[in-house]
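Reader: I would like to learn how to read a model of this kind, beginning with how far to trust it and then moving on to its charged side chains. Could we take one feature at a time?

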Amino acid sequence: MRIKVLFSLVMLGIAGLGGGIATIAGLEQWRTSRAAADAVRTTEAAATLLRLTERLVIERGNYVIRMNASGAAEADTIGRLTVIKADTDAALATTIASLRASASGRDHAERLQAAIPTLTSLRQAMDPAAVLPLAQRDPAIRTRPQAVYDQMLGHVTAALNDSHRALTRTDGPLGDLMLVARLTWDLRDQASRRIVAIATALNSNRAMTPAELDTATVASRLVDATWARVKMVAGLIDDTPRLAAAITEVEARYFGDITRQTQALIDAGRAG
């Protein structure tokens, strides 16, 4: 199977992981909880934060790979980046509005709003660089995306922490479900870091560096450890047959064929 097809399959499996579990984990249940109205708003804010996390991770991965790719981006790649940015912007707007409606989220909304110009400035620097071959790109742009996206994700994590604490105080089972959802998003982030390390080398038509191999190896261990925690926490939650079914489905899909495909990518990247 061609490397490009393998890459697409791996990204598809990773992207579906957090979303599938979080949805079935009870976002709709949370909205109909017996909790007070503000707890419902806090739940809605948490759901938007989780979705924003996924959008930022996807955008980060695509740009990190693109800034380190050997060739200039083709038209379909530029089109994909345009769609990804629009999805992130929509998620940001929804999240900020939801946080402003929640008593525990207003300060976090303003921090996210204040971070948008930095993200915009980064994109304005990366987009012209994307259409240049690697030799013509400013070397500084190759490492800048990771830092900016990680800073944005730090703001999201801080907001999620407060939302999670508020939900746990209001209704313990809601907090447990939130923990399962957050763990799947942590797993999504770790899996994304792994595939970015692999794809950066493959897109540059070279073998993975020792640092990239180390990143992929460490990320693989974290993926396995985080998945074990997901199953442990989910097993402690009573009366969640849909959650159990979702975990069984994801384990069969992601930790079966797609894990083997990821290993194939690592082997290809090691060989160059």
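Author: Let us begin with confidence, since this is a predicted model. Over residues 1–17 the pLDDT stays under 50, and for that stretch the model has 36 contacts beyond four places in sequence. Residues 24–31 also stay under 50, with 19 such contacts.

Reader: Which elements have the lowest and the highest mean pLDDT, and what is the average for the chain?

Author: Helix 1 (residues 3–31) has the lowest mean, at 45, whereas helix 4 (residues 106–130) has the highest, at 96. The chain averages 80, and 83% of the residues score at least 70.

Reader: How many helices and how many strands does the chain have, and what share of its residues is buried?

Author: The secondary structure comes to eight helices and zero strands, and of the 272 residues 49% count as buried. Among contacts between residues at least 6 apart in sequence, 77% join residues at least 24 apart.

Reader: How should I read a salt bridge, and how many does a search of the whole structure find?

Author: The general idea is that side chains of opposite charge can pair when their charged atoms come close. Here the search finds twelve salt bridges. In one of them the side chains of D87 and R55 meet at 3.2 Å, N to O, and this pair links distant parts of the chain, with D87 in helix 3 (residues 75–100) and R55 in helix 2 (residues 37–68), 32 residues apart.

Reader: Where do D189 and R193 sit relative to one another, and is D189 buried or exposed?

Author: Both belong to helix 6, and because they are four residues apart there, about one helical turn separates them. Their closest N and O atoms are 3.3 Å apart in a salt bridge. D189 is buried, with a relative accessible area of 17%, while R193, at 32%, counts as partly exposed. These two residues are also linked with R60 and D150 in a network of salt bridges.

Reader: What, then, should I make of R182, which is buried yet has no salt bridge?

Author: R182 also lies in helix 6 (residues 172–203). The nearest side chain of opposite charge, D186, is 6.0 Å away, and a salt bridge would require the nitrogen and the carboxyl oxygen to be within 4 Å. The side chain of R182 does make a polar contact with the side chain of N161, at 2.8 Å. Beyond four places in sequence, R182 touches L50, T157, L160, N161 and H164.

Methods
Residues are numbered from 1 along each chain as its sequence is written. Side-chain values use heavy atoms; hydrogens and water are left out. pLDDT is the predictor's confidence in each residue, from 0 to 100. Helices (H or I, at least four residues) and strands (E, at least two) are DSSP runs, numbered from the N terminus. Contact means heavy atoms within 4.5 Å. Buried means under 20% relative accessible area, exposed over 50%, partly exposed in between (1.4 Å probe, protein chains only). Lys and Arg count as positive and Asp and Glu as negative; His and the chain ends are not counted. A polar contact is a pair of N or O atoms within 3.5 Å; within protein, one must be able to donate a hydrogen and the other to accept it, and residues adjacent in sequence count only if both atoms are side-chain atoms.
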